[in-house]
Amino acid sequence: MTRPTSTPTVQRVDDKHRYEIHVDGRMAGFTAYRDRDDQRVFYHTEIDDAFAGQGLASQLVQQALTDVRDAGKRVVAVCPYVAKYLTRHDEFADLADPVTPEIRRWLDQTLKH
């Protein structure tokens, strides 16, 4: 397991449709999204095994959700990790929109292109 010597940093990478978390100059993980009107639909979060167990996914999602709030958008948590995070952090409850069959169809079509 890699222990960070510096503070992890999160950045939004628009051309890849994701937020990345970096530790000591290495990408440790990401949470992927697609924008649908005023909604940011999160569909996958992943942390590299070398960085597991350090709370990086939580830091990543917290900063991503803060960015969504600052942008005036809503959150749709198709990703199970983001959905679980939202249930445990009431401070973001006001941002959450439900995952509907329509959103799932839209996401499937969007990711195919």
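1. A quick definition before we start: a residue counts as buried when its relative accessible area is under 20%, and as exposed when that value is over 50%. Keep those two cut-offs in mind while you look at this predicted model.

2. Let's get the overall layout first. Three helices and six strands make up the secondary structure of the protein chain. Walk along from the N terminus and you meet them in the order β-β-β-β-α-β-α-β-α. In other words, the run opens with four strands, and after that helices and strands take turns.

3. Now the overall dimensions. The C-alpha trace spans about 45 × 35 × 20 Å along its principal axes. For 113 residues, a compact globule would have a radius of gyration near 13 Å, and the protein chain has 14 Å, so the two agree. Of the 113 residues, 39% are buried.

4. What about the surface and the charges? The protein chain exposes about 6,400 Å², and carbon and sulfur atoms supply 47% of that area. There are 16 positive and 18 negative side chains, with the centres of the two sets lying 3 Å apart.

5. The sheet is the thing to trace by eye. Its six strands form an open sheet with mixed pairing, in the order β1-β2-β3-β4-β5-β6. The edges are β1 (9-13) and β6 (96-97), each of which pairs on one side only.

6. Start at the β1 edge. Five bridges hold β1 and β2 together in the antiparallel sense, and one facing pair to look for is Val13 opposite Arg18 in β2. The hairpin between these strands has four residues in its link, and His17 takes a positive phi near 55 degrees there.

7. Next along is β2 with β3. These strands run antiparallel too, joined by six bridges, and Tyr19 stands opposite Thr31 in β3. Their hairpin has two residues between the strands, and Asp24 takes a positive phi near 50 degrees.

8. Here's one to check on the structure: is β2 mostly covered or mostly open? Strand β2 (residues 18-23) is mostly covered, with six of its six residues buried. In a regular strand, side chains alternate between the two faces of the sheet. You can see two sets in β2: Arg18, Glu20 and His22 point one way, while Tyr19, Ile21 and Val23 point the other way. Both sets are buried, so every one of these residues falls under the 20% cut-off.

9. Carry on to β3 (residues 26-36) and β4 (residues 39-47), which pair in the antiparallel sense over eight bridges. Two facing pairs are worth finding: Phe30 stands opposite Glu46 in β4, and Ala32 has His44 as its bridge partner in β4. The hairpin of β3 and β4 has two residues between the strands, and Asp37 in the turn has a positive phi of about 55 degrees.

10. Which way do β4 and β5 run relative to each other? They run parallel, and four bridges join β4 to β5 (residues 74-77). To find the pairing on screen, look for Gln39, whose bridge partner in β5 is Arg74.

11. Now zoom in on Val76, which sits in strand β5. Its relative accessible area is 0%, so Val76 is buried. Val76 and Phe42 are 34 residues apart along the chain, yet their C-alpha atoms are separated by 6.2 Å. Leaving aside neighbours within four places in sequence, Val76 is in contact with Gln39, Arg40, Val41, Phe42, Asp97, Pro98, Val99 and Ile103. For the chain as a whole, residues 24 or more positions apart account for 46% of the contacts with a separation of 6 or more.

12. For contrast, try Arg88, which lies in helix α2 (residues 80-88). Is Arg88 buried or exposed? Arg88 has a relative accessible area of 60%, so this residue is exposed. Arg88 and Tyr33 are 55 residues apart in sequence, and their C-alpha atoms are 20 Å apart in space.

Methods
Residues are numbered from 1 along each chain as its sequence is written. This is a predicted model: local features need pLDDT of at least 70, side-chain atom pairs count only at pLDDT 80 or more; totals for chains, interfaces and linings use all residues. Side-chain values use heavy atoms; hydrogens and water are left out. The radius of gyration is taken over C-alpha atoms; the globule rule is 2.2 Å times the number of residues to the power 0.38. Buried means under 20% relative accessible area, exposed over 50%, partly exposed in between (1.4 Å probe, protein chains only). Contact means heavy atoms within 4.5 Å. Accessible areas come from the Shrake-Rupley method with a 1.4 Å probe; for residues, only the protein chains shown count as cover. Lys and Arg count as positive and Asp and Glu as negative; His and the chain ends are not counted. The place of a charge is taken as NZ of Lys, CZ of Arg, CG of Asp or CD of Glu. Two strands pair if DSSP finds at least two bridges between them.
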